[in-house]
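Here is my note on the structure, set out as numbered points for someone who has not looked at it before. Please read it with the model open.

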Amino acid sequence: MPIKYTDELKTRAVDLVIHAQADPSTANGAIRRVAKELGVSSETLRTCVRN
């Protein structure tokens, strides 16, 4: 059964990724790093960032 993440968590995670990607020193691996910190799947987070 797929895990359901709250809209608040998704929004916060996407904000963290966008902020990290804006800085060249933290852009590399931002999605993977944020996903690990929040305990979510990096592929799920990547999909949220794209949408």
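**Notes on the model**

1. In helix α2, which spans residues 30-38, the buried residues are A30, I31, V34 and A35. Viewed down the axis of α2, these buried residues fall within an arc of 125°, so they line one face of the helix. An α-helix has 3.6 residues a turn, so residues three or four places apart point the same way. The model is a predicted one, and this point and those below should be read accordingly.

2. What lies on the other side of α2? R32, K36 and E37 are there, and they are exposed. The buried residues of α2, for their part, pack against α1 (7-22) and α3 (42-50). Just after α2 comes G39, which takes a positive phi of about 75°.

3. For the overall fold, the chain has three helices and zero strands. Read from the N terminus, the order of elements is α-α-α. Among contacts between residues at least 6 apart in sequence, 39% join residues at least 24 apart.

4. How does the radius of gyration of the chain stand against that of a compact globule? For 51 residues, a compact globule would have a value near 10 Å, and the chain has 10 Å, which agrees. Taken along the principal axes, the box filled by the C-alpha atoms is roughly 35 × 15 × 15 Å.

5. On burial and surface, 24% of the 51 residues count as buried. The chain exposes about 4,000 Å², and carbon and sulfur atoms supply 52% of that area. As for charge, there are 8 positive and 6 negative side chains, with the centres of the two sets 7 Å apart.

6. Is L45 buried or exposed? L45, in helix α3, has a relative accessible area of 3%; buried means under 20%, so L45 counts as buried. Leaving aside neighbours within four places in sequence, L45 is in contact with A13, V14, V17, I31, V34, A35 and V40. Three residues of that list, I31, V34 and A35, are also named among the buried residues of α2. The C-alpha atoms of L45 and P2 are separated by 14 Å, with their positions 43 residues apart along the chain.

7. I18 is placed in helix α1. At 47% relative accessibility, I18 counts as partly exposed, because exposed means over 50% and buried under 20%. Between I18 and I31, which are 13 residues apart in sequence, the C-alpha to C-alpha distance is 8.9 Å.

8. Where does Y5 lie, and what does Y5 touch? Y5 is in the segment before α1. Not counting residues up to four places away in sequence, Y5 touches K10, G39, V40, S41 and T44. G39 in this list is the residue with the positive phi just after α2, and V40 is also a contact of L45. By contrast, Y5 and T26 are 21 residues apart in sequence and 25 Å apart in space, C-alpha to C-alpha.

Definitions and conventions. Residues numbered from 1 in each chain as written. Predicted model: local features only at pLDDT ≥ 70, side-chain atom pairs only at ≥ 80, totals over all residues. Heavy atoms only, no water. Helix = DSSP H or I, 4+ residues; strand = E, 2+ residues; numbered from the N terminus. Rg over C-alpha atoms; globule rule 2.2 N^0.38 Å. Buried < 20%, exposed > 50% of the residue type's maximum accessible area, 1.4 Å probe, protein only. Contact = heavy atoms within 4.5 Å. Areas by Shrake-Rupley, 256 points an atom, 1.4 Å probe, with all protein chains shown as cover. Lys, Arg positive; Asp, Glu negative; His and termini not counted. Charge placed at Lys NZ, Arg CZ, Asp CG, Glu CD. Arc of directions from axis to C-beta.
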